[in-house]
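Got the model open in your viewer? Show side chains as sticks and let's go hunting for charged pairs.

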Amino acid sequence: MGKMKKLFILLLFPTFIQAQTTKQDSIWKPMKFFIGQWTGTGESEAGKGEYERVYNFVLGNQFIETKNKTTYPPTDKKPKGEVHEDIGYISYDKGRKKFVLRQFHIESFVNTYILDSILPDNRTIVFITEQIENIPTGWKARETYKIINDNEFVEIFELAEPNKDFFIYSQTTFKRK
């Protein structure tokens, strides 16, 4: 390869890399708000809980990993309290042009959500399950994230039994650490 051709490629390569980064960044724009560490308080069927959550880009910024831990205090039914943990991954399915959220729960549930909607103001994001493993057939789940301000969001987790409407299972307010 001639010197001029090599020089041209070397000069063009940073522009090519920048164009790829810019496109990748724009894909993730609706989800970038969540990156970081969060604490929260919420209420669910299990009672009032304290939440810790982290969102991070992983594997060359191709995915967002979420780690969640919820601690519920002791009750009459559960004198030792309860700890719930889950790990999730958000990916971008280029074929469907949709975000997909996969959650793996300590109770052995695996939820696969598809992005249902992002409201035009980009402050409400809704995921609905395509599939839930290790639960009777027909159940559905919905995760709604409502961004309150730059450092706070509300998560509403809803469930629906087969052929029934969604009901709120938990609602949590998260604040950026």
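Select Glu82 to start: its relative accessible area is 22%, so Glu82 is partly exposed (buried means under 20%, exposed over 50%, partly exposed in between, with a 1.4 Å probe and protein chains only). Now add Lys78, whose side chain meets that of Glu82 in a salt bridge, N to O at 2.9 Å (a side-chain nitrogen of Lys or Arg within 4 Å of a carboxyl oxygen of Asp or Glu). Lys78 is partly exposed too, at 39%.

A note on what you're looking at: this is a predicted model, where local features need pLDDT of at least 70, side-chain atom pairs count only at pLDDT 80 or more, and totals for chains, interfaces and linings use all residues. Residues are numbered from 1 along each chain as its sequence is written, and side-chain values use heavy atoms, leaving out hydrogens and water.

Next, pick Arg142 and Glu158, a salt bridge at 2.8 Å, N to O. Arg142 sits in strand E8 (residues 140-149) and Glu158 in strand E9, so this pair ties together parts 16 residues apart in sequence (strands are DSSP runs of at least two residues, numbered from the N terminus). Arg142 is partly exposed at 23%, while Glu158 is buried at 11%.

Then select Asp93, Arg96 and Glu130: salt bridges with shared partners join them into one network.

Last stop: Arg53 and Glu155, whose closest N and O atoms are 2.7 Å apart in a salt bridge. Arg53 is in strand E2 (residues 47-58) and Glu155 in strand E9 (residues 152-160), so the link spans 102 residues of sequence. Both residues are buried.

How many salt bridges does the count come to? It comes to 7.

Terms used:
Helix = DSSP H or I, 4+ residues; strand = E, 2+ residues; numbered from the N terminus.
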